[in-house]
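Opening a fresh page for this one. I want to look up how the chains meet and then how one of them is built.

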Amino acid sequence: MTATPGTLGAAAPGGGALTARPRGAGRGRRRSPLQTSARIVILVVVFGYLVLPLFAMLEFSTRGDYGTRDLASYAAIFDYPDVVDGIVTSLEIAILTVFGMLLLLVPTMVWTVVRVPRMRRVVEFLCLLPLAIPAIVIVVGIAPIYRWMGQHLGVFGASPLTLAFIDIILVLPYAYRAIDSGLRTVDVATLADAARSLGAGWPRAILQVVVPNIRGGILSASVLAVALVLGEYTISSLLSFHTLQVVIYLLGKRDPFVSVAVSLAALVFAFILLYVITRFAPGAGERAERAPEEEPAT
Amino acid sequence: MTGAPVTAPASSGTTAAGPATRGAGSRRLYGARNYLALIPFHVYVGLFLILPTLIVAIGAFTTAQGGVTLDNITRMFTDEVFVSAFTKSIQLAVATAIAGAIFGALLAWAVVRGDPNGQLRQIVIAASGVLAQFGGVMLAFAFLATFGFNGLVTIFFKSYLKVDILTDASWLYGLTGLAVVYTYFQIPLMLIVFLPSLDGLRQEWYDASASLGGGGWAFWRHVGGPILAPSFLGALLLLFTNAFSAYATAAALVSQGSPIITLQIASQFQSEVVLGQENVGKALALGMIVIVSIVMAVYALIQRRASRWVR
């Protein structure tokens, strides 16, 4: 009956709990008391270090007059119009970045898989390149280009929304990995050829056949892009665009309590976004599918 | 063009991408056309990534008038301020990478012991993503709320413990403060990078080691350690570049001067600088690219080795 855990796992893709239980039990066998206590000590100490500043933010932002607690700092967020503007600007950039990134990356990556596998390494290299070029360096190099756009492209060229162009570059490494892991789980070449042989053109084959099959990867790439845009400071501050982070920074000089309140709210929002993808993105399913392979049924 | 070829087979001969044109003679042309579809991507990356990099690289070797010069590069190596900024950035990155890697690896180990699809693990991964990649300015504020002049810990020590530790918050605004905050976002990054490698350690390897009489220590010394070593080293390098390139936290925290290289580049960029030094900032930026590229190249080599075991 040793085969049971593996078969259960295979029969229930996504039913992670079924595979997880026996694996956990298997590991528990060799867990000595020393290991357990070491684990608890590490969790408490390192978690303590990670949680303390977050708790301090909560404490700091809820300070009222004369030692009382209130939510005035949170309510005051909306009294600062530039904070609201910053949030709106950043969200608009985030939407543009997500669509721009998908439009640029998905057809290109599908095409490299289906038609020109030789170029796959090149595209991968270019996508990972931003990891080797710090954001501050990109600012220095891109400032002349933005100056040119501001002078020659009118209202559009001077808009903070143009930051989406750079944010798409910054998110490439993460988006590439997310979409790539999606593409690896399905046979895209066969899917695309099947769609084409049934009469679909390339746009339709990609949009209606390939995209639904890699939606997990696309979802993670999009959420990572949103998180990146909302957290981006270096480039917007040096190019003098008032995005969320720049506004938070400026507010910190005027009203530290409200700026900490905005920061904590933004961190919590980002956490919820990322928690949703770790639950529903391909990663979770992948682990469940991989479990039988890691623990051969024999 | 959507859907047309099915009802009109003849037209599929005219659409270049259609299978019908896949004759032996037109194969080369067909292949070339395939590459055309990649042009938008290359143009985009060329405009917004390669071109800026070239502007930096070429600018580092030119004067404000456009003449060729090595002065900017020379100044980077001779000017006390720049040498010290590079040195401090590297020290900061090394120290926080090592601290972050050790604590992050321990945390990853503690998390991976638990239920692989459990709540703890998913919460930790999501929280790590936020703290590692989202932070910047907001983490600086978090530490101001903790250890700043009016911070939680500072006030606690002052009013309840009556001891004189941490009551002077000025350490937070200098390099020590940077090291503490950087370590804070290095730990979750390490967790994200290292967790898959720990997952790759298989139960059978442990069982095999145990059946040969090996205990916990023997397993880590002869099996787990050597297998994880390349991943650990690779993660260490990634953490180094992460701290070395970081700007936002430092900009929000450091109150005086520009002790590290990213702040130095920013101040060169923001102030219209001294005559004859217009492109020094670009030389410094080029210096950063060189250092990060070397580290990333070593990382890629190690990663290739690590992927042999961790699939």
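Started with the interface: chain B and chain A bury about 8,700 Å² between them, and 71% of that is on carbon and sulfur atoms. Note to self: this is a predicted model.

Next I asked which part of chain B gives the largest share of the side that touches chain A. Turns out helix H4 of chain B, residues 39–59, does, with 14 residues. Sorting that side of chain B by class, I got 66 nonpolar, 22 polar and 8 charged residues.

Then I pulled the contact list: 99 residues of chain A and 96 residues of chain B take part.

How many salt bridges run between chain B and chain A? I got a count of 0. Polar contacts between chain B and chain A do turn up, in 4 residue pairs, with both residues at pLDDT 80 or more.

Moved on to chain A by itself. I looked up its secondary structure and found 16 helices and 0 strands. Chain A has 298 residues, and I have 52% of them down as buried, meaning under 20% relative accessible area.

For the surface of chain A I noted about 13,900 Å² accessible, with 68% belonging to carbon and sulfur atoms.

Last lookup was contact range in chain A. Taking contacts with a separation of 6 or more, I found that 75% come from residues 24 or more positions apart.

Recap for the page: 0 salt bridges between chain B and chain A, 4 residue pairs in polar contact at the pLDDT cut-off of 80 or more, and 66 nonpolar residues on the side of chain B that touches chain A.

Terms used:
Residues are numbered from 1 along each chain as its sequence is written. Chains are lettered from A and ligands numbered from 1 in the order in which they are written. This is a predicted model: local features need pLDDT of at least 70, side-chain atom pairs count only at pLDDT 80 or more; totals for chains, interfaces and linings use all residues. Side-chain values use heavy atoms; hydrogens and water are left out. Helices (H or I, at least four residues) and strands (E, at least two) are DSSP runs, numbered from the N terminus. Buried means under 20% relative accessible area, exposed over 50%, partly exposed in between (1.4 Å probe, protein chains only). Contact means heavy atoms within 4.5 Å. Accessible areas come from the Shrake-Rupley method with a 1.4 Å probe; for residues, only the protein chains shown count as cover. Buried area is the accessible area (1.4 Å probe) that two parts lose on being put together, summed over both. A salt bridge is a side-chain nitrogen of Lys or Arg within 4 Å of a carboxyl oxygen of Asp or Glu. A polar contact is a pair of N or O atoms within 3.5 Å; within protein, one must be able to donate a hydrogen and the other to accept it, and residues adjacent in sequence count only if both atoms are side-chain atoms. Ala, Val, Leu, Ile, Met, Phe, Trp, Tyr, Cys and Pro count as nonpolar, Asp, Glu, Lys and Arg as charged, and the others, Gly among them, as polar.
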